[in-house]
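Me: I would like to learn how to read empty space and surface patches in a protein model. Please go through one example with me.

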Amino acid sequence: MITEPASLENLKVLYQSDDYIVVDKHWDIRIDSKMWYEKVTVQAQLRQHFPELADPNTYYGFRFCHQLDFSTSGALCVALNKAAAGQAYRCFKDRTVTKVYIALLRGWVEVETQTLDFPIGKNSSEGKTHMMCIGGTEGCENPKPCQTELTVLQYGLYDGEPATKVLLKPLTGRTHQLRVHCSAIGHPIVGDFTYSLGSDNAPYRMMLHAYLLRIPLGPQPLLVSTEDPFTPTVDPKWHPQRSVRTLEDTVAAVLDRRLEEERMLEEEEQRALQEKNKKANLRKQEDEEGEEQTKQWLSEWAGDI
């Protein structure tokens, strides 16, 4: 079982170009930190492996395009220059980025495909200010709409207890969204110490992994996937008993749907542009006809003098 803690040396690079690096973030490691005692961060790993790529004009040396929780592993994109960071930022801002996570949840999730639709806000209750919460619960401040698509992949046992392997696709980007949504339906993520109120502390990690990342950059989208860490080969405590659908087919369906959405959006933009050009040409034609009519009136008026 791969349970080695993170170190400065064990950075896994999934993709590298002149503009971006995508790494497979280790579980239980921060992206960056101002705390002197936190020596091992993704930022420190990048400085160790790519000192020549660090930008002295940034605080951390590298521009992280998005965030992953301390306990979450998986695909993390880093921009290597300001222009690349800006392009990626626009994609995240416009919600055109596709993020796919896999997770092991406590219990057997009965509804195999569902959209979790719970508003999430900050928890203001004493001792829980580091947590998020579902709108309508005690101490929940400023809840905002949040949606997550959940698809069951396998049913099985983790360390002898019922567990479900799922694919999670966030449609919004709220802090701790996947963890809070899974907990809200009574199936918290295996090993999630925070959202089990400290009771789920036996596993060596929280079982949430950013499996795939697609950013529609021009001219070619950035598409990166990782290995699946939730297999018996990696973690013998996970025993699948019944497969509902494969990870590969489910991810392919997600990407096909995204491509279809992009195609429809492009067609809509083309129609809008054509309509705009049509109206502009019509106004130009009307202006030209009006100008010609004015010339004719002036000519006739001059002839009457």
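**Pockets, a cavity and a patch**

Reply: This is a predicted model. The largest pocket has a volume of about 1,100 Å³. Its lining has 34 residues, and those closest to the centre are Gln67, Lys99, Gly173, Arg174 and Thr175.

Me: Which helices and strands each supply at least two residues of the lining of the largest pocket?

Reply: Two helices and two strands do so: α2 (82-93) and α3 (177-184), along with β5 (98-106) and β11 (161-170). By residue class, the lining of this pocket holds 14 nonpolar, 9 polar and 11 charged residues.

Me: How many cavities of 30 Å³ or more are there?

Reply: Rolling a probe the size of a water molecule over the atoms shows where empty space is left. Here the count is 1 cavity of 30 Å³ or more. The largest cavity holds about 30 Å³ of space. Its lining consists of His66, Leu68, Ala75, Lys99, Val100, Tyr101, Ala210, Leu212 and Leu213. Two or more of these residues come from β5, and likewise from β12 (208-215).

Me: How do the residues of the lining of the largest cavity divide?

Reply: They comprise 7 nonpolar, 1 polar and 1 charged.

Me: Which residues form a nonpolar patch on the surface?

Reply: Met35, Trp36 and Tyr37 do, and together they have about 430 Å² of accessible area. Met35 sits in the loop between β2 (20-25) and α1 (42-49).

Me: Why is methionine 35 classed as partly exposed?

Reply: Partly exposed covers the range between under 20% (buried) and over 50% (exposed). Methionine 35 is partly exposed because its relative accessible area is 45%.

Terms used
Residues numbered from 1 in each chain as written. Predicted model: local features only at pLDDT ≥ 70, side-chain atom pairs only at ≥ 80, totals over all residues. Heavy atoms only, no water. Patch = residues over 30% accessible without salt bridge, like charges linked within 9 Å, V, L, I, M, F, W, Y side chains within 5 Å. Areas by Shrake-Rupley, 256 points an atom, 1.4 Å probe, with all protein chains shown as cover. Salt bridge = Lys/Arg side-chain N within 4 Å of Asp/Glu carboxyl O. Helix = DSSP H or I, 4+ residues; strand = E, 2+ residues; numbered from the N terminus. Buried < 20%, exposed > 50% of the residue type's maximum accessible area, 1.4 Å probe, protein only. 1 Å grid on protein atoms, 1.4 Å probe; cavity = no way out; pocket = protein on both sides within 12 Å on 5 of 7 lines; lining within 4 Å. Points joined across faces, edges and corners; volume = space filled by probe spheres on them. Nonpolar A, V, L, I, M, F, W, Y, C, P; charged D, E, K, R; others polar.
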